[in-house]
Amino acid sequence: MTDREYVIRACEMGGIDLIKPTKRSPGIVAHDYTRKVSGVHPSVIDAQTWKQARGQIDAYFRSVADAR
């Protein structure tokens, strides 16, 4: 499984909204609209590469699991 496939699947399974890269916005961004932290929906991913995005989503899910 590639990093891209992993991130897309993890977002689908975790209920995370992935904003795919476009010409005008080449970065990979995802938000968790199911949670609010201090009144703001957290940005789960803000990365330039799929490898960075994979690391960030893994870290996010670990932090959410630790908080429970």
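**Exercise 1: charges.** Count the positive and negative side chains of the protein chain and find how far apart the centres of the two sets lie.

*Solution.* Remember that you're working with a predicted model. Step one: count the positive side chains, and you get 11. Step two: the negative ones come to 8. Step three: take the centre of each set, and the two centres turn out to lie 4 Å apart.

**Exercise 2: the fold.** Work out which pattern the protein chain follows along the sequence.

*Solution.* Start by listing the elements: there are two helices and three strands. Now read along the sequence, and you get α-β-β-β-α.

**Exercise 3: overall form.** Check whether the radius of gyration of the protein chain agrees or disagrees with that of a compact globule.

*Solution.* First, the expectation: a compact globule with 68 residues would come out near 11 Å. Next, the value for this chain is 12 Å, so the two agree. For the extents, look along the principal axes: the C-alpha trace spans about 35 × 25 × 15 Å.

**Exercise 4: one residue.** Decide whether isoleucine 57 is buried or exposed, then find what it is in contact with.

*Solution.* Locate it first: isoleucine 57 is in helix α2, which covers residues 50-67. Its relative accessible area is 0%, and buried means under 20%, so isoleucine 57 is buried. For the whole chain, 29% of the 68 residues count as buried. Now skip the neighbours within four places in sequence: isoleucine 57 is in contact with Tyr6, Val7, Ala10, Cys11, Val44 and Ile45. Finally, try glycine 39, which is 18 residues away along the chain: its C-alpha atom and that of isoleucine 57 are separated by 21 Å.

How values were computed. Residues are numbered from 1 along each chain as its sequence is written. This is a predicted model: local features need pLDDT of at least 70, side-chain atom pairs count only at pLDDT 80 or more; totals for chains, interfaces and linings use all residues. Side-chain values use heavy atoms; hydrogens and water are left out. Helices (H or I, at least four residues) and strands (E, at least two) are DSSP runs, numbered from the N terminus. Buried means under 20% relative accessible area, exposed over 50%, partly exposed in between (1.4 Å probe, protein chains only). Contact means heavy atoms within 4.5 Å. The radius of gyration is taken over C-alpha atoms; the globule rule is 2.2 Å times the number of residues to the power 0.38. Lys and Arg count as positive and Asp and Glu as negative; His and the chain ends are not counted. The place of a charge is taken as NZ of Lys, CZ of Arg, CG of Asp or CD of Glu.
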